[in-house]
Amino acid sequence: MRHQDEHPDHDDDIEWVSKSEMKRESQALQELGESLVRLKPSELAKVPLDEELKDAIALAHRLSNKREALRRHLQFIGKLMRNRDVSAIQQALAAFDHKNAVTNAHFHKLEQWRDRLIREGDKGVDALLAEHRDLDRQKLRQLARQGRKELAANLPPKAFRELFQYLKQHLEP
């Protein structure tokens, strides 16, 4: 007769996951699938997907005007994601997020320079030229002066926009 102590205990190797944790993981994978569906076609092409997932995402695009069908299909995409290693997909999406964050930061910096040039005039132009010597001082002064006049007279912001475009062309990220 064997005692329980003689049996190797295999239960130590099994990792128990609660039902709530499984639901959270499923929800996270479904949200990852929704993120894939929202991508532009050019971005989606850069994400490493197998044919089954590509087909499912294409079908989701066709179901976009059928709300309940799309909801169920997104759940199906989440189910497909459970059987795959999604780390490469997550890395690709993180790279898109980082690129968007860098682009937004650059855009805000351009807006700040434009606003500073219009607000400070020659002092702002000198500060900008101290950082970027290749810009045209005369053009910057002229656009900043016109922008101040437009702002003071409540005119349409033509020079305001033109100054931003000039900065965008010459101050690459």
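**Exercise 1.** In this predicted model, list the residues in contact with valine 47, leaving aside its neighbours within four places in sequence.

*Solution.* Take heavy atoms within 4.5 Å as the contact test. Drop the sequence neighbours within four places. What remains is Leu36, Leu39, Ile89, Ala92 and Phe96.

**Exercise 2.** Place Val47 in the largest nonpolar core, and find which elements build that core.

*Solution.* Start with the members. The core holds 23 residues. Val47 is among those that touch the most other members, together with Leu36, Leu49, Ile77, Met81 and Ile89. Next, sort by element. Helix 1 (19-38), helix 3 (51-62), helix 4 (67-82) and helix 5 each give two or more residues. Helix 4 gives the most, with five. Finally, look beyond this core. Another core, of 17 residues, lies apart from it. Its members include Leu110, Ala127, Leu143 and Tyr166.

**Exercise 3.** Check the length of helix 8 (residues 158-170) against its expected span.

*Solution.* Count 13 residues. At 1.5 Å a residue, the helix should span 18 Å, because the rise is multiplied by one less than the number of residues. The end C-alpha atoms are 19 Å apart, which agrees.

**Exercise 4.** Decide how the buried residues of helix 8 are arranged, and what they pack against.

*Solution.* List the buried residues: Ala159, Leu163, Phe164, Tyr166 and Leu167. Seen down the axis of helix 8, they fall within an arc of 160°, so they line one face. Recall the general rule: an α-helix has 3.6 residues a turn, so residues three or four places apart point the same way. Now turn to the face pointing away from the buried side. This face carries exposed Lys158, Arg161 and Gln169. Last, find the partners. The buried residues of helix 8 pack against helix 5 (87-120), helix 6 (122-131) and helix 7 (137-153).

How values were computed. Residues numbered from 1 in each chain as written. Predicted model: local features only at pLDDT ≥ 70, side-chain atom pairs only at ≥ 80, totals over all residues. Heavy atoms only, no water. Helix = DSSP H or I, 4+ residues; strand = E, 2+ residues; numbered from the N terminus. Buried < 20%, exposed > 50% of the residue type's maximum accessible area, 1.4 Å probe, protein only. Arc of directions from axis to C-beta. Core = buried A, V, L, I, M, F, W, Y, C linked by side-chain atoms within 4.5 Å.
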